[in-house]
Amino acid sequence: MSTRRITRDRVEIARFRVSVVSGPDAPYAIDSATEEVTVGTGSGQSLRLRDRCVSRHHCVIRAGVEGLVCEDLDSTNGTYVGGHRVSSAVIAPGDTITIGETVLAVELLGDTVSEVLSPHDHFGRVLGRSAAMRKAFAVLERVAASEATILLEGETGTGKSALAEAIHESSRRGPGPFVVVDCGALPANLLESELFGHERGAFTGAVDTRIGLFESASGGTVLLDEIGELPLDLQPKLLRALERRVIRRVGSSRELPIDVRLIAATHRDLRKEVNGGRFRSDLWYRLNTIRIVVPPLRERRDDIAMLVASFYRDLMGDPGASPPADLVRSMMRGLWKGNVRELRSAVERVLVGAPTIEDEDTGLDTVNMSFKDAKSRATSNWEKQYLQELLPAHGNNVSKAARAAKMDRSHLSELVHRHGLATEADD
(Lines give C-alpha, C1' and ligand atoms only; values in the text may rest on other atoms or scores of the structure.)
Protein backbone atom coordinates (compact mmCIF):
# COMPACT_ATOMS: atom_id res chain seq x y z
CA MET A 1 0.00 0.00 0.00
CA SER A 2 1.41 3.38 -0.99
CA THR A 3 2.09 5.75 1.88
CA ARG A 4 2.46 8.81 -0.34
CA ARG A 5 0.02 10.93 -2.31
CA ILE A 6 1.31 13.63 -4.64
CA THR A 7 -0.75 16.71 -5.46
CA ARG A 8 0.16 19.69 -7.62
CA ASP A 9 2.07 21.56 -4.93
CA ARG A 10 2.79 19.09 -2.14
CA VAL A 11 3.29 15.46 -1.19
CA GLU A 12 1.14 13.94 1.53
CA ILE A 13 3.11 11.39 3.56
CA ALA A 14 1.39 8.89 5.83
CA ARG A 15 2.32 9.23 9.49
CA PHE A 16 3.24 6.12 11.42
CA ARG A 17 4.10 5.03 14.95
CA VAL A 18 7.16 3.02 15.95
CA SER A 19 6.67 1.23 19.27
CA VAL A 20 9.26 -0.53 21.43
CA VAL A 21 7.38 -3.67 22.46
CA SER A 22 10.30 -5.36 24.21
CA GLY A 23 13.84 -4.51 25.19
CA PRO A 24 15.56 -2.05 27.57
CA ASP A 25 13.39 0.89 26.44
CA ALA A 26 9.99 -0.83 26.46
CA PRO A 27 7.32 0.38 26.58
CA TYR A 28 7.94 3.45 24.48
CA ALA A 29 6.65 4.86 21.18
CA ILE A 30 7.36 7.70 18.78
CA ASP A 31 5.21 9.10 15.98
CA SER A 32 6.78 10.16 12.69
CA ALA A 33 6.99 13.88 11.96
CA THR A 34 8.61 13.54 8.53
CA GLU A 35 8.89 10.73 6.01
CA GLU A 36 11.33 8.75 8.14
CA VAL A 37 12.22 7.68 11.64
CA THR A 38 15.86 6.93 12.38
CA VAL A 39 16.66 4.35 15.06
CA GLY A 40 19.91 3.89 16.98
CA THR A 41 21.86 4.69 20.12
CA GLY A 42 23.59 7.82 18.82
CA SER A 43 22.49 11.36 19.53
CA GLY A 44 20.19 12.91 16.95
CA GLN A 45 18.19 9.72 16.35
CA SER A 46 14.40 10.01 16.09
CA LEU A 47 14.15 6.93 18.29
CA ARG A 48 17.21 6.78 20.53
CA LEU A 49 17.65 3.47 22.33
CA ARG A 50 19.81 2.32 25.24
CA ASP A 51 20.21 -1.22 23.90
CA ARG A 52 23.97 -1.94 23.88
CA CYS A 53 23.52 -4.37 20.98
CA VAL A 54 22.15 -1.59 18.75
CA SER A 55 24.46 0.53 16.56
CA ARG A 56 24.64 4.32 16.66
CA HIS A 57 22.82 4.55 13.36
CA HIS A 58 21.11 1.19 13.23
CA CYS A 59 18.20 1.45 10.80
CA VAL A 60 15.72 3.83 9.25
CA ILE A 61 11.99 3.33 8.76
CA ARG A 62 10.45 5.45 6.02
CA ALA A 63 7.17 5.96 4.23
CA GLY A 64 8.00 4.98 0.65
CA VAL A 65 6.06 4.72 -2.58
CA GLU A 66 5.55 0.99 -2.05
CA GLY A 67 4.67 1.25 1.66
CA LEU A 68 6.60 1.40 4.90
CA VAL A 69 10.21 0.38 4.32
CA CYS A 70 12.85 -0.61 6.87
CA GLU A 71 16.50 -0.19 5.80
CA ASP A 72 19.49 -1.42 7.76
CA LEU A 73 22.41 1.04 7.95
CA ASP A 74 25.18 -1.56 7.95
CA SER A 75 24.60 -2.12 11.64
CA THR A 76 26.88 -4.45 13.57
CA ASN A 77 24.22 -6.98 14.63
CA GLY A 78 21.80 -6.59 11.75
CA THR A 79 18.12 -5.77 11.31
CA TYR A 80 15.49 -8.52 11.18
CA VAL A 81 12.01 -8.09 9.69
CA GLY A 82 9.58 -10.91 10.25
CA GLY A 83 12.48 -13.07 11.46
CA HIS A 84 14.62 -12.53 8.34
CA ARG A 85 17.79 -10.45 8.26
CA VAL A 86 17.36 -7.70 5.68
CA SER A 87 19.23 -4.82 4.11
CA SER A 88 15.93 -3.28 3.00
CA ALA A 89 12.41 -4.64 3.19
CA VAL A 90 8.81 -3.52 2.89
CA ILE A 91 7.03 -3.96 6.22
CA ALA A 92 3.87 -6.05 5.95
CA PRO A 93 1.00 -5.85 8.47
CA GLY A 94 1.97 -7.80 11.57
CA ASP A 95 5.71 -7.72 10.89
CA THR A 96 8.03 -6.92 13.77
CA ILE A 97 11.52 -5.43 13.54
CA THR A 98 14.22 -6.92 15.76
CA ILE A 99 17.44 -5.02 16.42
CA GLY A 100 19.78 -6.22 19.14
CA GLU A 101 17.62 -7.12 22.16
CA THR A 102 14.86 -4.73 21.07
CA VAL A 103 11.66 -5.58 19.19
CA LEU A 104 9.80 -2.82 17.36
CA ALA A 105 6.28 -2.70 15.93
CA VAL A 106 5.15 -0.23 13.28
CA GLU A 107 1.61 0.94 12.53
CA LEU A 108 0.05 3.58 10.31
CA LEU A 109 -1.74 6.37 12.19
CA GLY A 110 -4.33 7.27 9.58
CA ASP A 111 -3.28 10.90 9.03
CA THR A 112 -0.57 12.57 6.96
CA VAL A 113 2.13 15.20 7.09
CA SER A 114 2.59 17.54 4.13
CA GLU A 115 5.84 18.52 2.47
CA VAL A 116 5.81 21.38 0.00
CA LEU A 117 6.96 20.89 -3.60
CA SER A 118 8.68 23.69 -5.45
CA PRO A 119 6.59 25.22 -8.26
CA HIS A 120 9.75 25.27 -10.39
CA ASP A 121 11.18 22.53 -12.59
CA HIS A 122 14.77 23.66 -12.08
CA PHE A 123 17.19 24.90 -9.46
CA GLY A 124 20.05 26.66 -11.14
CA ARG A 125 20.95 24.46 -14.09
CA VAL A 126 19.65 21.29 -12.40
CA LEU A 127 16.41 20.13 -14.02
CA GLY A 128 13.55 18.07 -12.62
CA ARG A 129 9.79 18.16 -12.68
CA SER A 130 9.35 14.95 -10.66
CA ALA A 131 8.03 15.18 -7.12
CA ALA A 132 11.35 13.87 -5.75
CA MET A 133 13.34 16.71 -7.33
CA ARG A 134 10.79 19.43 -6.65
CA LYS A 135 10.81 18.39 -2.99
CA ALA A 136 14.60 18.84 -2.90
CA PHE A 137 14.30 22.16 -4.76
CA ALA A 138 11.79 23.44 -2.19
CA VAL A 139 14.26 22.83 0.64
CA LEU A 140 17.18 24.34 -1.25
CA GLU A 141 15.20 27.43 -2.18
CA ARG A 142 14.69 28.05 1.55
CA VAL A 143 18.22 27.35 2.78
CA ALA A 144 20.46 28.43 -0.11
CA ALA A 145 20.60 32.05 1.07
CA SER A 146 21.64 31.02 4.59
CA GLU A 147 25.13 30.20 5.82
CA ALA A 148 24.13 26.68 6.87
CA THR A 149 26.39 23.76 6.03
CA ILE A 150 24.69 21.48 3.51
CA LEU A 151 25.34 17.76 2.99
CA LEU A 152 24.38 16.35 -0.41
CA GLU A 153 24.12 12.56 -0.55
CA GLY A 154 23.31 10.57 -3.66
CA GLU A 155 24.62 8.05 -6.14
CA THR A 156 27.39 8.93 -8.57
CA GLY A 157 26.14 11.04 -11.46
CA THR A 158 22.96 12.38 -9.85
CA GLY A 159 24.04 16.02 -10.11
CA LYS A 160 25.36 16.81 -6.63
CA SER A 161 28.13 19.09 -7.91
CA ALA A 162 25.71 21.02 -10.11
CA LEU A 163 23.35 21.43 -7.16
CA ALA A 164 26.21 22.68 -4.97
CA GLU A 165 27.12 25.29 -7.57
CA ALA A 166 23.47 26.36 -7.81
CA ILE A 167 23.34 26.75 -4.01
CA HIS A 168 26.44 28.95 -4.17
CA GLU A 169 25.01 31.09 -6.96
CA SER A 170 21.73 31.54 -5.06
CA SER A 171 23.48 32.77 -1.92
CA ARG A 172 25.00 36.13 -1.00
CA ARG A 173 28.34 34.47 -1.70
CA GLY A 174 27.43 34.03 -5.38
CA PRO A 175 29.87 36.73 -6.60
CA GLY A 176 32.68 35.05 -4.64
CA PRO A 177 34.74 31.99 -5.58
CA PHE A 178 33.30 28.50 -5.82
CA VAL A 179 36.11 26.05 -5.02
CA VAL A 180 35.74 22.29 -5.50
CA VAL A 181 37.95 19.80 -3.64
CA ASP A 182 37.74 16.16 -4.74
CA CYS A 183 38.61 14.28 -1.56
CA GLY A 184 38.70 10.99 -3.43
CA ALA A 185 41.10 12.09 -6.16
CA LEU A 186 43.84 13.76 -4.10
CA PRO A 187 46.52 11.60 -2.40
CA ALA A 188 45.98 11.49 1.37
CA ASN A 189 49.43 12.97 2.06
CA LEU A 190 48.65 16.03 -0.09
CA LEU A 191 45.05 16.63 0.95
CA GLU A 192 45.83 18.54 4.15
CA SER A 193 48.16 20.88 2.27
CA GLU A 194 45.56 21.40 -0.47
CA LEU A 195 42.88 22.30 2.06
CA PHE A 196 44.82 24.34 4.58
CA GLY A 197 48.02 25.34 2.75
CA HIS A 198 51.58 24.96 3.99
CA GLU A 199 54.56 27.01 5.06
CA ARG A 200 57.89 26.96 3.30
CA GLY A 201 59.96 24.02 4.53
CA ALA A 202 56.98 22.27 6.13
CA PHE A 203 57.93 19.04 4.31
CA THR A 204 60.21 17.82 1.57
CA GLY A 205 59.37 19.70 -1.60
CA ALA A 206 57.66 22.64 0.16
CA VAL A 207 59.98 25.25 -1.35
CA ASP A 208 57.46 28.08 -1.02
CA THR A 209 54.57 29.06 1.21
CA ARG A 210 51.27 27.99 -0.32
CA ILE A 211 47.77 29.27 0.38
CA GLY A 212 45.23 26.46 0.81
CA LEU A 213 41.83 26.20 -0.80
CA PHE A 214 39.99 27.35 2.33
CA GLU A 215 41.94 30.62 2.21
CA SER A 216 41.63 31.04 -1.56
CA ALA A 217 37.85 30.58 -1.30
CA SER A 218 37.45 33.48 1.14
CA GLY A 219 34.07 35.14 0.69
CA GLY A 220 32.79 32.19 -1.29
CA THR A 221 31.92 28.50 -1.02
CA VAL A 222 33.98 25.32 -0.70
CA LEU A 223 32.54 22.05 -2.02
CA LEU A 224 34.17 19.03 -0.43
CA ASP A 225 33.23 16.44 -3.02
CA GLU A 226 33.29 12.77 -1.98
CA ILE A 227 33.86 13.74 1.64
CA GLY A 228 33.29 10.09 2.59
CA GLU A 229 36.82 9.45 1.28
CA LEU A 230 38.40 11.97 3.67
CA PRO A 231 41.14 10.22 5.71
CA LEU A 232 40.29 9.66 9.37
CA ASP A 233 43.35 11.55 10.63
CA LEU A 234 42.28 14.66 8.71
CA GLN A 235 38.69 14.65 9.89
CA PRO A 236 39.38 16.28 13.33
CA LYS A 237 41.17 19.16 11.58
CA LEU A 238 38.21 19.72 9.27
CA LEU A 239 35.88 19.60 12.27
CA ARG A 240 37.95 22.26 14.03
CA ALA A 241 37.86 24.46 10.93
CA LEU A 242 34.07 24.17 10.75
CA GLU A 243 33.45 24.80 14.43
CA ARG A 244 36.03 27.51 15.12
CA ARG A 245 36.24 28.96 11.58
CA VAL A 246 40.03 28.89 11.72
CA ILE A 247 42.73 26.83 10.01
CA ARG A 248 46.43 26.19 10.43
CA ARG A 249 48.73 25.81 7.49
CA VAL A 250 50.90 22.69 7.56
CA GLY A 251 54.10 23.57 9.40
CA SER A 252 52.61 26.56 11.22
CA SER A 253 51.21 27.07 14.71
CA ARG A 254 49.39 30.28 13.77
CA GLU A 255 45.63 30.14 13.39
CA LEU A 256 44.10 31.96 10.44
CA PRO A 257 40.42 32.95 10.25
CA ILE A 258 38.43 31.72 7.28
CA ASP A 259 35.28 33.11 5.66
CA VAL A 260 33.70 30.30 3.63
CA ARG A 261 30.48 28.39 3.41
CA LEU A 262 30.87 24.62 3.29
CA ILE A 263 28.93 22.19 1.13
CA ALA A 264 29.84 18.51 1.33
CA ALA A 265 28.87 15.81 -1.14
CA THR A 266 29.21 12.03 -1.13
CA HIS A 267 27.88 8.95 -2.87
CA ARG A 268 28.02 7.12 0.46
CA ASP A 269 25.51 7.06 3.30
CA LEU A 270 27.73 8.56 5.98
CA ARG A 271 25.66 6.94 8.73
CA LYS A 272 26.93 3.60 7.46
CA GLU A 273 30.47 4.96 7.38
CA VAL A 274 30.14 6.01 11.03
CA ASN A 275 28.97 2.51 11.96
CA GLY A 276 31.96 1.04 10.14
CA GLY A 277 34.42 3.31 11.96
CA ARG A 278 35.44 5.03 8.72
CA PHE A 279 33.91 8.41 9.51
CA ARG A 280 33.86 10.33 12.78
CA SER A 281 30.46 10.71 14.37
CA ASP A 282 31.20 14.25 15.60
CA LEU A 283 32.04 15.38 12.04
CA TRP A 284 28.89 13.70 10.74
CA TYR A 285 26.74 15.61 13.23
CA ARG A 286 28.44 18.86 12.24
CA LEU A 287 27.87 18.26 8.53
CA ASN A 288 24.31 17.08 9.01
CA THR A 289 22.87 20.59 9.49
CA ILE A 290 20.91 20.35 6.25
CA ARG A 291 20.93 16.92 4.56
CA ILE A 292 19.61 16.55 1.03
CA VAL A 293 19.40 13.12 -0.57
CA VAL A 294 19.53 13.53 -4.35
CA PRO A 295 17.38 10.76 -5.85
CA PRO A 296 18.76 8.40 -8.51
CA LEU A 297 17.32 8.63 -12.00
CA ARG A 298 15.38 5.38 -11.59
CA GLU A 299 13.31 7.11 -8.89
CA ARG A 300 12.62 10.15 -11.06
CA ARG A 301 11.88 8.63 -14.44
CA ASP A 302 9.44 11.45 -15.17
CA ASP A 303 12.52 13.64 -15.66
CA ILE A 304 14.22 11.57 -18.38
CA ALA A 305 12.41 13.12 -21.37
CA MET A 306 13.08 16.61 -20.03
CA LEU A 307 16.77 15.85 -19.50
CA VAL A 308 17.18 14.25 -22.94
CA ALA A 309 15.63 17.32 -24.57
CA SER A 310 17.96 19.64 -22.64
CA PHE A 311 21.08 17.59 -23.45
CA TYR A 312 20.03 17.38 -27.10
CA ARG A 313 19.69 21.18 -27.38
CA ASP A 314 23.02 21.78 -25.63
CA LEU A 315 24.93 19.27 -27.71
CA MET A 316 23.35 20.46 -30.95
CA GLY A 317 24.08 24.08 -30.05
CA ASP A 318 20.51 24.96 -31.02
CA PRO A 319 18.12 26.26 -28.31
CA GLY A 320 15.12 25.42 -30.52
CA ALA A 321 16.11 21.85 -31.37
CA SER A 322 13.86 18.95 -30.35
CA PRO A 323 15.11 15.38 -29.98
CA PRO A 324 13.56 12.70 -32.24
CA ALA A 325 10.73 10.82 -30.55
CA ASP A 326 12.47 7.46 -31.04
CA LEU A 327 15.55 8.79 -29.23
CA VAL A 328 13.45 9.85 -26.24
CA ARG A 329 11.64 6.49 -26.22
CA SER A 330 14.90 4.55 -26.26
CA MET A 331 16.31 6.62 -23.42
CA MET A 332 13.14 6.14 -21.37
CA ARG A 333 13.81 2.38 -21.41
CA GLY A 334 17.25 2.68 -19.83
CA LEU A 335 18.23 1.72 -16.29
CA TRP A 336 20.89 4.47 -16.06
CA LYS A 337 22.93 3.19 -13.15
CA GLY A 338 25.29 6.11 -13.84
CA ASN A 339 22.28 8.42 -13.53
CA VAL A 340 22.16 11.84 -15.22
CA ARG A 341 25.84 11.78 -16.19
CA GLU A 342 25.40 8.46 -17.97
CA LEU A 343 22.24 9.67 -19.70
CA ARG A 344 24.03 12.72 -21.10
CA SER A 345 26.89 10.55 -22.36
CA ALA A 346 24.40 8.25 -24.10
CA VAL A 347 22.72 11.18 -25.87
CA GLU A 348 26.13 12.47 -26.95
CA ARG A 349 27.14 9.07 -28.34
CA VAL A 350 23.99 8.94 -30.41
CA LEU A 351 24.63 12.41 -31.83
CA VAL A 352 28.25 11.71 -32.80
CA GLY A 353 27.33 8.29 -34.20
CA ALA A 354 29.74 6.40 -31.96
CA PRO A 355 29.59 2.62 -32.50
CA THR A 356 28.32 0.65 -29.53
CA ILE A 357 27.22 -2.82 -28.60
CA GLU A 358 23.81 -2.03 -27.21
CA ASP A 359 22.13 -3.64 -24.27
CA GLU A 360 18.46 -4.19 -25.10
CA ASP A 361 17.30 -2.48 -21.91
CA THR A 362 19.83 0.34 -21.52
CA GLY A 363 21.24 1.22 -24.92
CA LEU A 364 24.65 1.48 -23.23
CA ASP A 365 28.11 0.55 -24.44
CA THR A 366 29.30 -2.66 -22.77
CA VAL A 367 32.52 -3.09 -24.75
CA ASN A 368 34.61 -1.11 -22.27
CA MET A 369 32.99 -2.54 -19.14
CA SER A 370 34.74 -5.05 -16.91
CA PHE A 371 33.42 -8.61 -16.87
CA LYS A 372 32.15 -8.08 -13.32
CA ASP A 373 30.23 -4.90 -14.23
CA ALA A 374 28.85 -6.39 -17.45
CA LYS A 375 27.66 -9.49 -15.58
CA SER A 376 26.09 -7.32 -12.86
CA ARG A 377 24.21 -5.28 -15.46
CA ALA A 378 23.01 -8.39 -17.28
CA THR A 379 21.81 -9.91 -13.99
CA SER A 380 20.02 -6.70 -13.08
CA ASN A 381 18.32 -6.56 -16.49
CA TRP A 382 17.22 -10.19 -16.15
CA GLU A 383 15.86 -9.55 -12.65
CA LYS A 384 13.81 -6.60 -13.84
CA GLN A 385 12.41 -8.51 -16.83
CA TYR A 386 11.53 -11.47 -14.60
CA LEU A 387 9.73 -9.22 -12.10
CA GLN A 388 7.89 -7.39 -14.87
CA GLU A 389 6.43 -10.74 -15.94
CA LEU A 390 6.00 -12.25 -12.46
CA LEU A 391 4.17 -9.39 -10.73
CA PRO A 392 1.38 -8.78 -13.29
CA ALA A 393 0.73 -12.53 -13.41
CA HIS A 394 -0.19 -12.34 -9.72
CA GLY A 395 -2.07 -9.07 -9.67
CA ASN A 396 1.06 -7.09 -8.68
CA ASN A 397 0.68 -8.60 -5.21
CA VAL A 398 4.09 -9.20 -3.63
CA SER A 399 2.99 -11.96 -1.26
CA LYS A 400 1.28 -13.97 -4.02
CA ALA A 401 4.22 -13.43 -6.37
CA ALA A 402 6.71 -14.53 -3.69
CA ARG A 403 4.79 -17.73 -3.05
CA ALA A 404 4.65 -18.49 -6.77
CA ALA A 405 8.36 -17.79 -7.19
CA LYS A 406 9.20 -19.83 -4.05
CA MET A 407 11.26 -17.00 -2.59
CA ASP A 408 11.21 -15.00 0.62
CA ARG A 409 8.72 -12.15 0.50
CA SER A 410 11.17 -9.66 2.03
CA HIS A 411 13.77 -10.47 -0.62
CA LEU A 412 11.21 -10.05 -3.39
CA SER A 413 10.11 -6.72 -1.88
CA GLU A 414 13.73 -5.59 -1.85
CA LEU A 415 14.12 -6.44 -5.56
CA VAL A 416 10.85 -4.68 -6.41
CA HIS A 417 12.06 -1.58 -4.54
CA ARG A 418 15.49 -1.72 -6.21
CA HIS A 419 14.01 -1.81 -9.71
CA GLY A 420 11.37 0.85 -9.01
CA LEU A 421 8.38 -1.34 -9.85
CA ALA A 422 4.85 -0.61 -8.66
CA THR A 423 2.85 -3.09 -6.59
CA GLU A 424 -0.68 -3.28 -5.23
CA ALA A 425 -1.81 -3.61 -1.60
CA ASP A 426 -0.78 -6.93 -0.10
CA ASP A 427 -3.17 -9.62 1.05
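Analyst: Before we start, one definition: helices (at least four residues) and strands (at least two) are DSSP runs, numbered from the N terminus. Please also keep in mind that this is a predicted model.

User: Thanks! Then where is Arg245 found?

Analyst: Arg245 sits in the loop between H5 and strand E20, which covers 246–248.

User: What makes the phi of Arg245 worth a remark?

Analyst: Its phi is positive, about 60°, although Arg245 is not a glycine.

User: And why does Arg245 count as partly exposed?

Analyst: Its relative accessible area is 28%. Buried means under 20% and exposed means over 50%, so with 28% Arg245 is partly exposed.

User: Which other residue, not a glycine, has a positive phi, near 55°?

Analyst: That is Asn396, with phi near 55°. Asn396 is placed in the loop between helix H11 (371–393) and helix H12 (398–405). Its relative accessible area is 22%, so Asn396 is partly exposed as well.

User: How do you know how many disulfides there are in the whole structure?

Analyst: A disulfide needs two cysteine sulfur atoms within 2.5 Å. A search of the whole structure finds 0 such pairs. Take Cys59: the closest cysteine sulfur, in Cys70, is 4.4 Å away, which is too far for a bond. For Cys53, the closest cysteine sulfur belongs to Cys59 and is 14 Å away, again too far.

User: Are Cys53 and Cys59 buried or exposed?

Analyst: Cys59 has 0% relative accessibility, so Cys59 is buried. Cys53 has 29%, so Cys53 counts as partly exposed.

User: What makes a group of residues a nonpolar core, and which residues have the most contacts inside the largest one?

Analyst: The residues must be buried, of a nonpolar kind such as Leu or Phe, and joined through side-chain atoms within 4.5 Å. The largest core has 31 residues, and those with the most contacts inside it are Phe214, Leu224, Ile227 and Leu287. Among the elements that supply at least two residues each are strand E19 (221–225), helix H5 (235–244) and helix H7 (281–287). H5 gives the most, with 4 residues.

User: Which residues is Ile227 in contact with, leaving aside its neighbours within four places in sequence?

Analyst: Its partners include Cys183, Leu238, Ala264, Phe279 and Leu287. There is also a second, separate core of 26 residues, which includes Val39, Ala63, Leu68 and Ile91.

User: How much space lies in the second largest pocket, and what lines it?

Analyst: The second largest pocket holds about 540 Å³ of space. It is lined by 20 residues, and the closest to its centre are Arg125, Gly157, Gly159, Ala162 and Val340. H8 gives the most to this lining, with 4 residues. By kind, the lining divides into 6 nonpolar, 6 polar and 8 charged residues.

User: Why is Gly157 called polar in such a count?

Analyst: The polar group takes in the residues that are not listed as nonpolar or charged, and Gly is among them, so Gly157 is polar by this rule.

User: Where are the prolines Pro27 and Pro324 found?

Analyst: Pro27 lies in the loop between strand E2 (10–22) and strand E3 (28–31). A cis peptide bond joins Ala26 and Pro27, with omega about -10°. Pro324 is in the loop between H8 and helix H9 (325–332). With 35% relative accessibility, Pro324 counts as partly exposed because 35% lies between the 20% and 50% limits.

Definitions and conventions: Residues numbered from 1 in each chain as written. Predicted model: local features only at pLDDT ≥ 70, side-chain atom pairs only at ≥ 80, totals over all residues. Heavy atoms only, no water. 1 Å grid on protein atoms, 1.4 Å probe; cavity = no way out; pocket = protein on both sides within 12 Å on 5 of 7 lines; lining within 4 Å. Points joined across faces, edges and corners; volume = space filled by probe spheres on them. Buried < 20%, exposed > 50% of the residue type's maximum accessible area, 1.4 Å probe, protein only. Contact = heavy atoms within 4.5 Å.
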